Amino acid sequence: MAETVPPSSSAPADVYIVYTEQPSDGADHESSHLRTLSSVVGSEEAAKESLIYVYKSAATGFSAKLTPEQVSQLEKQPGVLQVVVSKTVQLHPVGGGGA
């Protein structure tokens, strides 16, 4: 069993996207992701507060607010394939400014 990392007041929480395997126990995606997230944030209630979105169409996973320490622990969880920081990118400049 993985060690639970308590929330750290000194480490800021960022939004991460967590890619996972499909739930194999027949559980729905959200329940499965809450169990995984609970193991690193300390409780199911904390997991529900941290969880932002559940992905289940093009990819399986979720996004959540996590500290770097929690990310490190989450990466060790069974079924977790990859954890990446969520970034917003702009493909085209606002206002259509061209060359």
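This is a tour of a predicted model, taken one selection at a time.

**The whole chain**

Begin with the whole protein coloured by secondary structure, where three helices and four strands should appear, arranged along the sequence in the pattern β-α-α-β-β-α-β. Of the 99 residues, 35% count as buried, and the accessible surface of the protein comes to about 6,500 Å², with 51% of that area belonging to carbon and sulfur atoms. If contacts are displayed for pairs with a sequence separation of 6 or more, residues 24 or more positions apart account for 70% of them.

**The sheet**

Next select the four strands together; they form an open sheet in the order 2-3-1-4, and the pairing is antiparallel. Strand 2 and strand 4 stand at the edges with a single partner strand each, so one side of each is left without a neighbour in the sheet. From one strand to the next, the twist averages 20°. Helix 1 packs on this sheet and touches strand 1, strand 2, strand 3 and strand 4, while the direction of the helix makes about 140° with that of strand 2.

**Strand 3**

Now narrow the selection to strand 3, residues 61–66, and show its side chains. Is this strand enclosed by the rest of the structure, or open? Five of its six residues are buried, under 20% relative accessible area, so strand 3 is largely enclosed by the rest of the structure.

Add strand 1, residues 14–20, which runs antiparallel to strand 3 and is joined to it by six bridges. Then add strand 2, residues 51–55, which pairs with strand 3 over four bridges, again in the antiparallel sense, and which is connected to strand 3 by a hairpin of five residues. A useful residue to centre on here is S63 of strand 3, which is the bridge partner of I17 and also the bridge partner of Y53.

**Helix 1**

Move to helix 1, residues 29–41, and place a distance between its end C-alpha atoms. At 1.5 Å a residue, the 13 residues should span 18 Å, and the end C-alpha atoms are indeed 18 Å apart, which agrees.

At the start of the helix, select D28 and E30: a side-chain oxygen of D28 reaches to within 3.1 Å of the backbone nitrogen of E30. At the other end, just after the helix, G42 takes a positive phi of about 110°.

With the helix still selected, turn to its cover. Ten of the 13 residues are buried, and the helix is thus mostly covered; among the buried residues are H29, H33, L34, L37, V40 and V41. An α-helix has 3.6 residues a turn, so residues three or four places apart point the same way. Which elements cover the buried residues of helix 1? They include strand 1, strand 2, strand 3 and strand 4 (80–85), together with helix 2 (44–50) and helix 3 (68–74).

**P68 in helix 3**

For the last stop, select P68, which is found in helix 3. At 42% relative accessibility P68 counts as partly exposed, because that value lies between the 20% limit for buried and the 50% limit for exposed. Show the surroundings of P68 as well: leaving aside residues up to four places away in sequence, P68 touches A11 and P12. Finally, a C-alpha to C-alpha distance from P68 to D14 gives 8.2 Å, although these two residues are 54 residues apart in sequence.

Key:
Residues are numbered from 1 along each chain as its sequence is written. This is a predicted model: local features need pLDDT of at least 70, side-chain atom pairs count only at pLDDT 80 or more; totals for chains, interfaces and linings use all residues. Side-chain values use heavy atoms; hydrogens and water are left out. Buried means under 20% relative accessible area, exposed over 50%, partly exposed in between (1.4 Å probe, protein chains only). Helices (H or I, at least four residues) and strands (E, at least two) are DSSP runs, numbered from the N terminus. Two strands pair if DSSP finds at least two bridges between them. The expected span of a helix is 1.5 Å times one less than its number of residues. Contact means heavy atoms within 4.5 Å. A polar contact is a pair of N or O atoms within 3.5 Å; within protein, one must be able to donate a hydrogen and the other to accept it, and residues adjacent in sequence count only if both atoms are side-chain atoms. Axes are lines fitted to C-alpha atoms, for helices over the stretch in contact, and angles run from 0 to 180 degrees between N-to-C directions. Accessible areas come from the Shrake-Rupley method with a 1.4 Å probe; for residues, only the protein chains shown count as cover.
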